[in-house]
Amino acid sequence: MIAFRRFLFAASAVVLALIAGGLFALVVTASGTSRLQVLQVTLLTVCCVWLAWGFNTAVTGIVAASRERAPSVPLPLKMTLSRTAVLVPVYNEDADSVFARIAAMMEGLRSIGRLETFDFYVLSDSTKPEHVAHEKRSTFTLLSELRVAGHLYYRNREKNVGRKAGNIADFVTKNGGAYEYMLVLDADSLMRPQTILEMVTRMDAEPDLGLLQTQPLIIGRLTPFGRALQFSAALYSPFFSRGIAALQGREGPFWGHNAIVRVKAFADCCGMPSLPGVAPFGGHILSHDFVEAALLARGGWRVRLDPDLEGSYEEAPANIIEYAKRDRRWCQGNLQHGKLVPAPRFNLWSRISMITGIMAYAASPIWLMFIVVSLLDPIIAADPNYFPADSLFPVFPTPETGKALLLLFGIFLLLLLPKTLIAFATALSERRRAFGSTVTVLASATVELAMTSVLAPVMMMFQSKTVAEILMRLDAGWPSTDRDDGKLPLLVAFKASWWMVIAGLILAAATLSYSPELFLWMLPIAGPLLIAPVLISLTGDPALGLALKRVGVLSTPFEIAPEPVIRASESWRRRLEAISGRLAAADAGAPAPAGAKPQPA
């Protein structure tokens, strides 16, 4: 059954792309064929496979969600004697925020009487002495404040061999034998204690389950960019994750965090080799999670995503620059998988998952090439001209105009229909109350769509630059992520995107000079590039985000009615910041700042 479902899913995506490519070919070759037109058709077809794949995932998820019945009463929490290590890898992170989340989860597990079977490990790969010192102080603070001796451990590696994958492997080698499971988190992860316990219960119930993944949702963002990510994850991700789950079989996804893993299975199957050659394509595997999922499935273990596991959270970069920096590392890791796709004994679906991960980044430069080729085509082959001076829309020989409009309509459907269906279905259901009201759901969906549309050329350029740098053998390394919601100055935004302004100028000038009839069609691409610094700065401004919050736009259920673990995390963060302030002042021999005293959790 699962094999047929996957075949139908993949075949329909390819068929939709071939139909789009065929229609486009009929239109652009109506009066003859050139090599540029063949390239145009090829690039569009490849891009449409990717669009159709995402469209099918969303539609599958919508259908799956419509058939899903939620339990009428909460399931009772079952007793478990299985010991679980909760792993929190950190790398030059804000220690107060990291330990606040740990405190909230430990406190939550204690409140339901289940802390005894859980131990938390802060696995530090931090390289900056001030970060290491802060992490150690925070560890002692929690041990004292929460009285959790024997359940909280800290260590710092002097050599970051293998980066995060090596960090986890170091734990498994030295401490893994004491535990049945390890719950792998990120430094910004937060999970509801009941969800943690339910994950252990499900692992206990299925001895062949090697890894259980949750769908993390984004919390704690203030900037317009961060709030758009947050809203999109809350509204759309549950449907997309159900689409992924409907196709997973025994080869589900692993996203590297907010997932529980059977330690023995991981130790037996997931030894991570270095790739031959030097970075960026050789050396340590950056996107280790996809590979570990494939290795577990190859070893006969089930890897599964359970979208019904709620209460799984993470943070996200607050602005496009930090997002692009993190994306750079992920892109390099995903492109490394090109060497692993043909690896022996991997299951077919694991290989397909790696290919889709590669396409997530390859799609942007392919779209960029399509735009460039589409601009070159009328310049090099000026005749015939399908854009008369008195019309904004192209006029093709009959019946090609109808085919062109059908193609345009089809691409818009692939891009917009899933989000539109989800937004309206939510706005007209009881689920809308979690987001505010029918009006706020539709207004937020409209703002999110407008923002992502305007920023799409900027994101395309960032990803295209990233792919180009990797193809030029430039290594991204492993930079730490700045998750602060601080204001992003215009000058900083300009330094990161000045080359986009130049690209926008070139695109606009070339279009006006050689194909002025295409100028309005190119403006949605050239325009955002011309004002990229302004867009990046504005969408990274927390004051603007707070203004949106005040009118309820881009609000999420976790913001409107935060659950106890989120409130506890915020309270602990303020408490730890106050303690850190007192300790820093004491170390400096200065009086503590006013109000710098512990606050109740």
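How much area does the protein chain expose, and what share of it do carbon and sulfur atoms supply? Let's start there and work through some exercises together.

**Before you begin**

This is a predicted model, in which local features need pLDDT of at least 70 and side-chain atom pairs count only at pLDDT 80 or more, while totals for chains, interfaces and linings use all residues. Residues are numbered from 1 along each chain as its sequence is written, and side-chain values use heavy atoms, with hydrogens and water left out.

**Exercise 1. Describe the chain as a whole.**

Step 1: Answer the opening question. The protein chain exposes about 26800 Å², and carbon and sulfur atoms supply 66% of that area. Accessible areas come from the Shrake-Rupley method with a 1.4 Å probe, and for residues only the protein chains shown count as cover.

Step 2: Look at burial. Of the 601 residues, 54% count as buried. Buried means under 20% relative accessible area, exposed means over 50%, and partly exposed lies in between (1.4 Å probe, protein chains only).

Step 3: List the elements. The chain has 20 helices and 10 strands. Helices (H or I, at least four residues) and strands (E, at least two) are DSSP runs, numbered from the N terminus.

Step 4: Check the confidence. pLDDT is the predictor's confidence in each residue, from 0 to 100. The chain averages a pLDDT of 89, and 89% of the residues score at least 70. Over residues 592-601, the pLDDT is below 50. That stretch still has 20 contacts in the model beyond near neighbours in sequence, where contact means heavy atoms within 4.5 Å. Where pLDDT is low, the predicted coordinates should not be read in detail.

**Exercise 2. Work out how helix 14 and helix 15 are arranged.**

Step 1: Find the helices. Helix 14 covers residues 438-471 and helix 15 covers residues 490-514.

Step 2: Read the geometry. Their axes come within 11 Å and cross at roughly 110°. Axes are lines fitted to C-alpha atoms, for helices over the stretch in contact, and angles run from 0 to 180 degrees between N-to-C directions.

Step 3: Name the arrangement. Angles under 35 degrees count as roughly parallel, over 145 as roughly antiparallel, 65 to 115 as roughly perpendicular and the rest as oblique. Helix 14 and helix 15 are therefore roughly perpendicular to each other.

Step 4: See who touches whom. Helix 14 brings Val-458, Met-461, Phe-462 and Lys-465, and helix 15 brings Ala-496, Trp-499, Met-500 and Ala-503. This contact has 7 nonpolar, no polar and 1 charged residues. Here Ala, Val, Leu, Ile, Met, Phe, Trp, Tyr, Cys and Pro count as nonpolar, Asp, Glu, Lys and Arg as charged, and the others, Gly among them, as polar.

**Exercise 3. Repeat the analysis for helix 16 and helix 17.**

Step 1: Helix 16 (residues 519-530) and helix 17 (residues 532-539) pack at an angle of about 70°, with their axes 4 Å apart. They are therefore roughly perpendicular to each other.

Step 2: Pro-528, Leu-529 and Leu-530 of helix 16 meet Ala-532, Pro-533 and Leu-535 of helix 17. By class, the contact has 6 nonpolar, no polar and no charged residues.

**Exercise 4. Decide whether Glu-116, His-337 and Ala-423 are buried or exposed, and find their contacts.**

The contacts below leave aside neighbours within four places in sequence.

Step 1: Glu-116 sits in the loop between helix 3 (95-111) and strand 2 (118-124). Glu-116 counts as exposed because its relative accessibility is 56%. Glu-116 contacts Arg-83 and His-151.

Step 2: His-337 belongs to the loop between helix 10 (320-336) and helix 11 (348-380). With 0% relative accessibility, His-337 counts as buried. Its contacts include Ile-285, Phe-290 and Met-354.

Step 3: Ala-423 is part of helix 12 (residues 400-427). Ala-423 is buried, as its relative accessible area is 4%. Among its contacts are Tyr-236 and Val-441. The C-alpha atoms of Ala-423 and Tyr-236 are 8.2 Å apart, although 187 residues separate them in sequence.

**Exercise 5. Examine three spots in the backbone.**

Step 1: Recall the background. Most residues other than glycine have a negative phi, and most peptide bonds are trans.

Step 2: The peptide bond from Ala-279 to Pro-280 is cis, with omega near 10°.

Step 3: Asn-92 has a positive phi, near 55°, and counts as buried at 8% relative accessibility.

Step 4: Arg-473 also has a positive phi, of about 70°. Arg-473 lies in the loop between helix 14 and helix 15 and is exposed, at 54% relative accessible area.
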